[in-house]
Structure formats: C-alpha cells, structure tokens
Amino acid sequence: MSSSPGTLGSLKDRNRLRIVDVLRRSGTASRVELVRATGLSRTTVSKLVGELQASGLIVERQAASGDGGQVGRPAIALALNPRSGGVVGIDFGHDLVRVAVADLSGGVLAEGRSAFDVDGDPAGAIDVAVELVHAALGDAESDLDRTVGVGVAVSAPIVRTPEAPAGAHILPGWPELPPLEELEARLGRPVIVDNDANLGALAEVRDGAARGARNVLYVMLSGGIGAGLILDGRLVRGHRGITGELGHVVLDPNGPICRCGNRGCIETVASGPALLAAMRPLRGPAFTVEDATRAARDGDDGARRLFADAGRTVGQAVGAICNLVNPELVVVGGDMALAGDVLVDAVRDGIALAAIPAIRDDARVIPAQLGDRAEVLGAIGLVLAETETEALAVMAPAS
Ligand SMILES: [Zn+2]
C-alpha cells in the first residue's frame, strides 16, 4: 500500500482513475468538464467514459435545469454509480472505535461508534469494529460483497520496511496494534492501514478546513497527540513512515516517563489522559474528554485553563516545526479540538512564541472542520485513493 503512483497500475488505469477521481470530488461532471479537469484529450475521455459506463461504474444523470446556462442541448452529466460499491472506514482511537460506510464518491451513508478500551484489549476492539461495520452496512442498505476495501486509522506509528511495506510494526512502548489480519479475515475484504493523524490530515485537505491548500500541518489532539504533514501537496511519510510524532517532542528531560520510553514528552502534559488526570480529582472518575470539551465551551474556568495550557504547550512545539516547513495552514483537530476557540487561540499563541515573525504571520491557525470524524473519513479517502479502478469495476453490478 505504498502511496507511489506505481500502485495505481498502468497508465491507462491511471487515466481511468483520474476520471473516477474527478467524479468523486465533484459529484457530477460533463465530458467537457472531465477533459478540462483531467487534462486528457477529448478522444481519450470519451473512450474511457464509454468503458467505465459499460462496466457499470459510472452512470448518466439528468443534468440540473439551467445547468451551465448554455443555449442548445444540455451537457450530459456523468456520476459514479452509487450502487456499484462502497467503502468502509474504521478508526481505532485509544478508547473509541468509530466506523463509517461511504459510497464510491466518499459520501457517508452510515456511521457508528462505541467507547472501548482499544489499548487495553486490542483483540476485543476487533470484535467491536466488526459488529459496528455490519450494523453500519445494514443501515446503508449495503453489504461486504459490494465493499471495495476497508481503510483503518490507528493511534500508533505505522513503520514501513521492505519486509512489511504495508506497515505491520509498531514501536516499543506503544499499545498493541489491533490484529488487522484478523479483521481482514473476518470481513473478507482488503484492509489498508495508516496512522490516524496522517489520515486526519488527508481528510481535512480533501474535504475539510484545508481544502485546496498545499502546505498544511494538521495537529491532532486526542488520547494521543500527533501531526500529519502535507508539503507541496503530498503527505510526508519520511524514511520509514514515522512522521508527525508531535506528542513525543520532549519538553522536560526530567519529566514523567512517557509511553514511548522517553521522559517529559508533550503527551505527558497536554493529551486527553493528562487532561483527565488533572480534572478527575475534582470531577470524579467518570469525567471524560467529551465532558471537558463541553465544560470549556460552557465557560468553565478550570476546563478552559487546561485547554489553554495544553494548546500553548503544543503550539510552541508546532511553532518550531513551522520554522522548518513554513506551512500556510495549521489545522487543529482531534476530539480535544471540540473545546473550540480556547484551544485554537492558545495553539496560535504558542506558535507566536516559537516561530519567527515572517513564518508566524504566514501560517493561519484554524480549527478542523471534520471534527473527531476526520480520521475515519481519511480512512475512507485512503481506500478510494489507493483502490485501482479495475478493482472498482469488478464491483459493478451486472447490467
Ligand atoms: Zn513520548
């Protein structure tokens, strides 16, 4: 599941995929619009559209009245056939499993979530995920036979090596990864996996707050803290795929031991668990991050102070990264971001303390748009981006 273009098959497949991708993004497009959007010739577009129609993957739609406002025959609108297949996304957080089912344009048809101690019981998390997938497919009136693939977001670094290009390993000290081979066996569909912050970044660039931006730092504040880095329009994966471990920037080499084995990492003071450790003595053991974000939005001084401190701490580390990569946007996401402006403003203040003025003034700091769904939507986007058109065509209903 490398992101290199080689995985997309032959040039012809890539061209077909470009057409499919335009339809995914725009919903509908005429042949002329496809020519413009893909840069392919009219003849090529006509031929490939014909093939895709014959395979049942795309269909003609009634053009909206007044579409284009042109005199004469209205252009025929083409769209992906929503019945030709679907995609499943699963997000394994530290303490939550979230599932979404989408059509081939990425439009979400059904969703489900369940609080679960994923870190403590990775095998049990698979049971929960399988149950949620079946329920969501039922709600979407779809099934696994029509599912082209399953994208999975995990809260762990995914290390890619030549022996394990799909990224099966994690680093010492991280909670055990859910057994994804078992997930693949039980669902009977191909599973592809990536780090949750990477997928959140992809989703925000594709459909959220960073649409159209090419240099983006996505900061995910949740049970863990991570970053997804999009530079020159591409997700940066580094040498072995372990980029964006923002939560493990060390603040205090003598601080508390972190799950990564180091001391005084940002996660030990600014993550969801660190926040709860500060709040629970006052609010009781059942107090959750969701309760904390609600309290902050409702003006609770203690909760607001905690989110402000967390934001400023993270912001300073982000500011140092901004000095290195000069992003146009810093997008603040993850479930802690549901606290609202208090967190985003504090991240901005932290960046201002650490980034040089020219870079600070250039980087807009904005809240994520997809909220705590970004990671599961990114998992769906990953499948759509990496699934070959041929595989999609196989799923098309017989006509
Ligand atoms: Zn750490």
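Biologist: How many salt bridges does the count come to?
Modeller: The count comes to 18 salt bridges. Bear in mind that this is a predicted model.

Biologist: What makes aspartate 309 and arginine 305 a salt bridge?
Modeller: The N to O distance for their side chains is 3.0 Å. The rule asks for a Lys or Arg nitrogen within 4 Å of an Asp or Glu carboxyl oxygen, so the pair qualifies. Both residues sit in helix H10, four residues apart, about one turn of the helix.

Biologist: Why is arginine 305 called exposed, but aspartate 309 partly exposed?
Modeller: Arginine 305 has 55% relative accessibility, and exposed means over 50%, so the label fits. Aspartate 309 comes in at 28%, and buried means under 20%, so this one falls in between and is partly exposed.

Biologist: And how do you know that aspartate 291 and arginine 294 form a salt bridge?
Modeller: Their closest N and O atoms are 3.3 Å apart. The cut-off is within 4 Å, so that's a salt bridge. They're about one helical turn apart, because they are three residues apart in helix H9 (residues 289-297). Aspartate 291 is partly exposed at 24% relative accessibility, and arginine 294 is partly exposed at 37%. Both also belong to a network of salt bridges that links Arg113, Glu290, Asp291 and Arg294.

Biologist: What makes aspartate 143 and arginine 146 count as a salt bridge?
Modeller: Here the N to O distance is 3.7 Å. That is within 4 Å, so the pair counts. Aspartate 143 is partly exposed, with a relative accessible area of 30%.

Biologist: Why is cysteine 265 called buried?
Modeller: Cysteine 265 has 0% relative accessibility, and buried means under 20%, so the call is easy. Cysteine 260 has 24%, so it gets partly exposed instead. As for disulfides, the structure holds zero.

Biologist: What is noted about the phi of glutamate 141?
Modeller: Glutamate 141 has a positive phi of about 55° although it is not a glycine. This residue lies in the loop between helix H4 (122-139) and strand E7 (147-154). At 65% relative accessibility, over the 50% limit, glutamate 141 is therefore exposed. Asparagine 326 also has a positive phi, about 50°, and is not a glycine. Its place is the loop between helix H10 (301-325) and strand E12 (329-333).

Biologist: Which residues form the negative surface patch?
Modeller: Asp95, Asp117, Asp119 and Asp121. Patch members need over 30% relative accessible area, and aspartate 95 has 48%, so aspartate 95 meets that cut-off. Aspartate 95 is in the loop between strand E4 (86-92) and strand E5 (96-103).

Notes
Residues are numbered from 1 along each chain as its sequence is written. This is a predicted model: local features need pLDDT of at least 70, side-chain atom pairs count only at pLDDT 80 or more; totals for chains, interfaces and linings use all residues. Side-chain values use heavy atoms; hydrogens and water are left out. Patches are made of residues with over 30% relative accessible area and no salt bridge: like charges are joined within 9 Å, nonpolar side chains (Val, Leu, Ile, Met, Phe, Trp, Tyr) within 5 Å. Accessible areas come from the Shrake-Rupley method with a 1.4 Å probe; for residues, only the protein chains shown count as cover. Lys and Arg count as positive and Asp and Glu as negative; His and the chain ends are not counted. The place of a charge is taken as NZ of Lys, CZ of Arg, CG of Asp or CD of Glu. Helices (H or I, at least four residues) and strands (E, at least two) are DSSP runs, numbered from the N terminus. Buried means under 20% relative accessible area, exposed over 50%, partly exposed in between (1.4 Å probe, protein chains only). A disulfide is a pair of cysteine sulfur atoms within 2.5 Å.
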